[in-house]
Amino acid sequence: RSLSSRDLDKQKVMIVNGQEIGWVTDGGQWDGNAYLLFSPVGHDYLFVTETNRVQNAGQTHSSRMVSFNGRQKWVYSEVDRPRFTRDGRHWGFLATKDRLGDAPVLVVDGQETPLNLAADERLASHAPLPNLRLGRDARHTFYLTSRKRGQSMWAWWKGERGKSYTRIQNPTLSQDGTRMAYTAINNEVRQLVVDGDEKPWGQPT
């Protein structure tokens, strides 16, 4: 696998294995946040870049475009970093359909599922790492959300929302997706949460 980019008639293109891929079209822009992700196994790849940049009332707005193997494309207002499963057979990402962080969706293998978050809830930022974690079969998903105004956070596992905490750190998912864990903090008191059950900090699980 190899990749590079070059300027072609003032428009950037991506080169994968010696072939030019016309990523940025229809008024799209190449910005510093564009990136390409290869599957750990096989030849699949995902590419995310900016597109549809427009000026409105003195402000610049744009969307993010996700492309799979240079063919299928999805456009959203915001896109979290995508992720492949460890065997490379599945992939997914979290996204929102408007600039306010509303209308969040989960996209797995190209299939979009709306997320039923509360009105004051939004997808949490876990930059520079992806928020989404996928089990091997991609049916078990794990991601974090937060209150739009305030400090509450929640962990979503298998489509169910967990208990509210002030902060959630170090989220992890087993390879098969059947177990999860994270550090939960309330009033500066730490707890280890394993499969939804709270464990005293520093005690065997």
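## The second largest pocket

In this predicted model, strand β18 gives the most to the lining of the second largest pocket, supplying 3 residues. Strand β18 covers residues 167-173, and two other strands, β9 (83-84) and β14 (133-134), also bring at least two residues each to that lining.

How much space lies in the second largest pocket? The answer is about 220 Å³. Among the 14 residues lining the pocket, Arg83, Arg86, Leu134, Leu173 and Ser174 sit closest to its centre. If you sort the lining by chemistry, you get 4 nonpolar, 5 polar and 5 charged residues.

## Two nonpolar cores

Now for the inside. The largest nonpolar core has 14 residues, and Val66, Tyr76, Val79, Trp91 and Phe93 have the most contacts within it. Strands β5 (45-56), β6 (59-68), β7 (72-76), β10 (91-96) and β11 (104-108) each give two or more residues to this core, with β10 giving the most, at 3 residues.

Take a look at Phe93 in the structure. Skipping its neighbours within four places in sequence, Phe93 touches Val66, Tyr76 and Val79, and its other contacts include Asp80, Val105 and Leu132. Apart from this core there's another one, made of 13 residues, including Met153, Ala155, Trp157 and Ile168.

## The whole chain

Zooming out, the protein chain has 21 strands and 0 helices. Of its 205 residues, 43% are buried. Counting contacts with a separation of 6 or more, 33% are between residues 24 or more positions apart.

As for the outside, the chain's accessible surface is about 11,600 Å², and carbon and sulfur atoms account for 44% of that.

Methods:
Residues are numbered from 1 along each chain as its sequence is written. This is a predicted model: local features need pLDDT of at least 70, side-chain atom pairs count only at pLDDT 80 or more; totals for chains, interfaces and linings use all residues. Side-chain values use heavy atoms; hydrogens and water are left out. Helices (H or I, at least four residues) and strands (E, at least two) are DSSP runs, numbered from the N terminus. Buried means under 20% relative accessible area, exposed over 50%, partly exposed in between (1.4 Å probe, protein chains only). Contact means heavy atoms within 4.5 Å. Accessible areas come from the Shrake-Rupley method with a 1.4 Å probe; for residues, only the protein chains shown count as cover. On a 1 Å grid over the protein atoms alone, a cavity is a set of points where a 1.4 Å probe fits but cannot get out, and a pocket is an open set with protein on both sides within 12 Å along at least five of seven lines; lining residues have an atom within 4 Å of a point. Grid points are joined across faces, edges and corners, and a volume is the space filled by probe spheres set on the points. Ala, Val, Leu, Ile, Met, Phe, Trp, Tyr, Cys and Pro count as nonpolar, Asp, Glu, Lys and Arg as charged, and the others, Gly among them, as polar. A nonpolar core is a set of buried Ala, Val, Leu, Ile, Met, Phe, Trp, Tyr and Cys residues joined through side-chain atoms within 4.5 Å.
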